Each structure stands twice: as C-alpha cells, then as structure tokens.
Amino acid sequence: MADLSLDNVRVLSHSAVRIEAQDGIVLYFDPFQLAEEPHDADVVFITHSHYDHLSPADAAKVMNDRTVFVAPAACADEVKAALHPAEVRALQPGETAAIAGVGVEAVRAYNVQPERLGFHPKENDWLGYIATVDGMRYYVSGDTDENEDTRQVRCDVAIVPIGGTYTFDAAQAAAFVNAIRPQAVVPTHYGTAVGRKEDVDDFLPLVDPAITTIVKMEWPEIG
C-alpha cells in the first residue's frame, strides 16, 4: 500500500489544494483566499469560473512566467484574459493530457440534486481532475454531486467538498467516497465561503473505516 501520510498535500483554504511531487513539480487547484505568495506553481488547475475557484488575484500569487494553466474549455478564454499565463491547456470532459510530466484526466463536474441544479449545470462541461503524481491518482473533484460521471472515478486519493449548498454535504460526500473506494479522502469546501468548520465532524464518522480520512484544511488569516 502507498504511503498515505499525504505530507505533500495541503488544503490552503476552501478548495485551494497544493500537491508537490517528489521531483519538485508543484500543482495547485483553484487557488483562493491565499495568505502566501510563493510563485512556485508549475501547473494551476481551474475547475470552473465561480469566484471561489477562479480567483485571478489568488492565482497570481502562485503563478510565475512558466506556469501552465489547465481549465475547462468553456473557461479558458477567461483565464487567458485575466492572467496572461505562459500557456492555457483547455480540456473537455473525458480528455487526457500530460502536463509537466503529470498525467491528467478531466472528469465532468456537475450537480444532479434538484435544489442545486442551477449552480453547476452538466451542460457547462466544468471539470474535476485526476492527476497522477508519483504513481498516485489524486482526484480533485471540483464542485459536484455524485453522478454518472463521478461514479466512474478510480483514484487513490479523493479530494472532495463536504460543505453542502452548492456541492455534496457531509453525508452525501461520505456516501460517494464509500462508493468509489479510494485509499484516502481529504475533505474540502467547508467553513470558508460555504459550510461550517464543524461539517468535518459530521463527515468523519460516516466514511468507511477502511478508507483513511485525512483532514488538511488550513485556516489562513487573510489580511
């Protein structure tokens, strides 16, 4: 079994995830509410265009003159116009790519629960991503519900929202994780722009004990 300490993973705030490979390649997903300005990103993944996922001010804190951005095709022009990065790779659901030596698979992210169908419609072709880093498959789901696309995901580590309203709530997230059966799960998207800090206490006991749950959320002081 792979090492599941996940010391290479940070949840910087909300859904802002940083993953560092053993060779030093640094990936960010949806940078938002960042207190630091490291400018160390090799790749920045954007899942969709909502302000708490595509935040140009925060993306600028991690990018440099070599950073490649990966975005849904529907958002690629917005990323280019806001940030003028070295390169934007536009992906459609189901597409794969190799970027900075990292294998990437694009997974459609959307709502199916009636009360939130308008937030993340399927036809927008917004994304989550599976990134293969050092032989581990990390699924960063973006804002989604369990649906026919997300149920097909096979990963070692699932990084999923639990805060409800716009995405899975704690119970729905746990049911989804129990269904796709990663080795480990990291909860996100709670206690910041949506949800409560206590959502994680609801989530933890609902995850199958055979799946390692690792709480990584940081609570930065944003000036």
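These are my notebook entries on what I looked up in this structure, which is a predicted model.

**Entry: nonpolar cores**

I began with the interior, keeping in mind that nonpolar side chains tend to be buried together in soluble globular proteins. The largest nonpolar core has 54 residues, and I noted that L27, F29, Y138 and I159 touch the most other members. Helix α3, residues 170-180, gives the largest share of this core, with 6 residues. Apart from this core I found another one, of 18 residues, which includes V26, Y28, V44 and F69.

I then looked up the surroundings of F29, leaving aside its neighbours within four places in sequence, and found F29 in contact with S15, A16, V17, I19, F45, Y129, A131 and V140.

**Entry: R18**

Next I turned to R18, which has its place in strand β2, residues 16-20. Is R18 buried or exposed? Its relative accessible area is 13%, and because the limit for a buried residue is under 20%, R18 counts as buried. I looked for a polar partner and found that the side chain of R18 makes a polar contact of 2.8 Å with the side chain of D40. D40 also appears among the contacts of R18 beyond four places in sequence, together with N8, V9, R10, L12, V26, L27 and Y28. Of these contacts, I recognised L27 from the 54-residue core and V26 and Y28 from the core of 18 residues.

**Entry: salt bridges**

A search of the whole structure gave me 16 salt bridges, and I followed some of them individually.

I took R10 and E218, whose side chains meet in a salt bridge at 2.9 Å, N to O. This pair links distant parts of the chain, with R10 in strand β1 (residues 9-13), E218 in the segment after β13 (212-213), and their positions 208 residues apart in sequence. R10 counts as partly exposed at 26% relative accessibility, and E218 is likewise partly exposed, at 27%.

The side chains of D125 and R108 meet in another salt bridge, at 3.1 Å, N to O. D125 lies in the loop between β8 (102-108) and β9 (127-133) and R108 lies in strand β8, so this pair ties together parts that are 17 residues apart in sequence. For D125 I noted 21% relative accessibility, which makes it partly exposed.

K122 forms a salt bridge with E148, and the closest N and O atoms are 2.8 Å apart. Since K122 lies in the loop between β8 and β9 and E148 in the loop between β10 (136-140) and β11 (157-161), the pair ties together parts that are 26 residues apart in sequence. K122 is partly exposed at 32% relative accessibility, and E148 is partly exposed at 47%. I also noted that salt bridges with shared partners join R10, E36 and E218 into one network.

**Entry: K122 in more detail**

Which residues does K122 touch, not counting those up to four places away in sequence? I found R108, Y110, E148 and D149, so that R108, already noted as the salt-bridge partner of D125, is in the list for K122 as well. I also looked up K122 and P220, and found them 98 residues apart in sequence and 32 Å apart in space, C-alpha to C-alpha.

**Entry: strands β7, β8 and β9**

I then went through the strand pairing around β8. Strand β7 (residues 96-99) is joined to β8 by 4 bridges, and the two run antiparallel; here A97 stands opposite V104 in β8. The hairpin of β7 and β8 has 2 residues between the strands, and in it A100 takes a positive phi near 55°. β8 is joined to β9 by 6 bridges, again with the strands antiparallel, and E105 stands opposite I130 in β9.

**Entry: positive phi in residues other than glycine**

Finally I looked up positive phi values. H14, which is not a glycine, has a positive phi of about 55°; H14 is found in the loop between β1 and β2 and is buried, with a relative accessible area of 0%. D125, a residue other than glycine, has a positive phi near 55°. Its place is in the loop between β8 and β9, and D125 is partly exposed, because its relative accessible area is 21% and burial requires a value under 20%.

Methods
Residues are numbered from 1 along each chain as its sequence is written. This is a predicted model: local features need pLDDT of at least 70, side-chain atom pairs count only at pLDDT 80 or more; totals for chains, interfaces and linings use all residues. Side-chain values use heavy atoms; hydrogens and water are left out. Buried means under 20% relative accessible area, exposed over 50%, partly exposed in between (1.4 Å probe, protein chains only). A polar contact is a pair of N or O atoms within 3.5 Å; within protein, one must be able to donate a hydrogen and the other to accept it, and residues adjacent in sequence count only if both atoms are side-chain atoms. Contact means heavy atoms within 4.5 Å. A nonpolar core is a set of buried Ala, Val, Leu, Ile, Met, Phe, Trp, Tyr and Cys residues joined through side-chain atoms within 4.5 Å. A salt bridge is a side-chain nitrogen of Lys or Arg within 4 Å of a carboxyl oxygen of Asp or Glu. Two strands pair if DSSP finds at least two bridges between them.
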